[in-house]
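Visitor: I am new to this structure and would like to learn how to read it with some care. Could you take me through it one feature at a time?

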Amino acid sequence: MEYKISNRLRIGAIILMVLGALGIGYGFMDSHQYQNVDDVKELLASESHHGVSHDAEVAGSHGDSEAHAGGESVEEHGVSHEEHVLHQIHNRPYSALYVGALFFFFIALGALAFYAIQFASQAGWSPVLFRVMEAITAYVLPGGLLVLLIAFVADSHIFIWMDESVVATDTIIQNKTSWLNKTGFFIRGIIYLAGWALYRHFAVKFSVAQDLADINDNRNFKKSFRIAAGFLVFYIYTESMMSWDWIMSVDPHWFSTLFGWYVFASMFVSGITVIALITIFLKSKGLLPFVNDSHLHDLAKFMFGISIFWTYLWFSQFMLIWYANIPEEVVYFVTRIEDYNLPFFGMVALNFLFPLLLLMNSDFKRVPWFVVLTGIVILFGHYLDVYTMIMPATAGERWFIGAPEIGSILFFGGLFMLIVFTALGKNPLLAKGNPFIKESEHFHY
Amino acid sequence: METSKVIHAIYTDDDVLMNAVKTVRSEKHHIEEIYTPFPVHGLDKAMGLAPTRLAITAFLYGCLGLAVAIWMMDFIMIKDWPQDIGGKPSFSFLENLPAFVPIMFELTVFFSAHLMVITFYMRSRLWPFKSAENPDPRTTDDHFLMEITVRNNEEALATLLKSTGAVEINIVDKNEDAH
């Protein structure tokens, strides 16, 4: 079966990107109407006229220095409240862009890890889905480069430790500069990306070569197996370090040991969900006749199981810090609970309760629209997850899901669709050379 | 004491058994019971047995366990004696919720697992000192036995079963009260 990206899809994706770019542009313009401290003073004054309750909230959060996780360090160094707010307003469009870029990049990277695990474990059910996974992972390289580019451009708007003047007066960050320095950040970023993209390149190359090889010639498959095992070792180290670099370092005063796993669970479940969604889409077009509802059932089981795994890690991180309540650790959750109450707890409902109740029934896991519905909820939940990892450190209480955030989702979503569906058209949709393909075609649960 | 006749067809291969089940069912004979030494994949479907509802009971038992855990800790820790233990907020259940979650989880699993197992034992009538209902000890090792009620059609039934590959066919008087 061959697939070619339709013109309608391509134009749709480009329209999404244009709309998104407009939203992002508006976000930057909107934030830069506040040029200096005086503009912010006016803003704060006008806000305080809106009502007593809001006034009290602003005053309250100002008086409580613990409430500012990202801002804490700034305030300690004698920066006025107005300037602090100005920074937050300016940081927001950069962070919105970064969150969007990270979210879609994580989908591709999660799918890549899932793909490698299928090879390393010699799974018999999944080879019919390999071409869908390979197409999704086409976004790893461009998506990752975009993340790094945004990090480079945004600089201290996202990563406070990239600001020399802050580091000069901050002993805690000074002690971390051997890891948290700009040169190291980008060199490490390029090493991670190079490793992931190389694996992706060779895995797809061997997979296609196996299609064309003789029926008894499994050399390409064996190579795929070996590089998948090697990649998984490389991946689990680099993924963990990537999560320190790209996410945890937005709060340079805070650290958590299981953070890498937590980020991994988030990207893994998003990746699997997108594999399921694209499979259902192609199947509805009649392009995947060899995929049956047992394959869907297995994907839905993974969505269900990994959603619960994510919740387990989310809760383990939250509960340990909540229970011990050590001030230097707990500020992370104080800001999130005080300023991001709805997204922070809302995402737990979306990422845990929804999949738990909707996908528990074995029959529901075979119903495409049910899986699509749950998939959309899971993806939205994991966008919020990335959002509450980055935003509280940069935009603080000045957050909103408005033009820059929705614009970034549309822009990167459009780009993701364009790249993935173009890649989907490059190879036949059935990896017919895979030695497990017969078993997979007859897979039945 | 009521007695009735049943026919016991013995097979030595699960594939042959599966085909025999399909033939017997297509001939509209009622299969009383099948004894096998191990689970035969797809046998329940071939016999037309209704799917189990054990998973649904497990879910309900889990809900019960969760409710018990919530009620117990809300009463003990919040309502009955809301002590300050190490500064944990015992003003309301929600405020101290994270500390209760491990117990809520474990009790959910505990109730769900144990009550489901007990339900299974009761539904399948299994208990210690229960006398075994095995018509032929070989079915616990390497033979498969299909039991069909006889209604004055012994000859026809025996021929049919013979044709499906049964290695042995016995007609037995079955004592309904024996087990």
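Guide: Let us begin with confidence, since this is a predicted model. In chain B, the lowest confidence falls in strand β4 (residues 168-175) of chain B, with a mean of 84, whereas the highest is found in helix α4 (residues 97-123) of chain B, at 97.

Visitor: What is the mean pLDDT of chain B, and how should low values be treated?

Guide: As a general idea, where pLDDT is low, the predicted coordinates should not be read in detail. For chain B the mean pLDDT is 91, and 96% of its residues reach 70 or more. For the complex, the predictor gives an ipTM of 0.89 and a pTM of 0.90.

Visitor: Which domains does the assignment give for chain B?

Guide: The domain assignment places 5-37 + 142-178 of chain B in domain 1 and 54-123 in domain 2. Taken over C-alpha atoms, the centres of these two domains of chain B are separated by 49 Å.

Visitor: How many helices and strands are there in chain A?

Guide: Chain A has 18 helices and zero strands. Its radius of gyration is 23 Å, close to the 22 Å that the globule rule gives for 445 residues, so chain A is as compact as a globular protein of that length.

Visitor: What share of chain A is buried, and what does the chain expose?

Guide: Of the 445 residues in chain A, 57% are buried, while the chain exposes about 18,600 Å², with carbon and sulfur atoms supplying 66% of that area.

Terms used. Residues are numbered from 1 along each chain as its sequence is written. Chains are lettered from A and ligands numbered from 1 in the order in which they are written. This is a predicted model: local features need pLDDT of at least 70, side-chain atom pairs count only at pLDDT 80 or more; totals for chains, interfaces and linings use all residues. Side-chain values use heavy atoms; hydrogens and water are left out. Domain bounds come from an automatic or database domain assignment. pLDDT is the predictor's confidence in each residue, from 0 to 100. Helices (H or I, at least four residues) and strands (E, at least two) are DSSP runs, numbered from the N terminus. The radius of gyration is taken over C-alpha atoms; the globule rule is 2.2 Å times the number of residues to the power 0.38. Buried means under 20% relative accessible area, exposed over 50%, partly exposed in between (1.4 Å probe, protein chains only). Accessible areas come from the Shrake-Rupley method with a 1.4 Å probe; for residues, only the protein chains shown count as cover.
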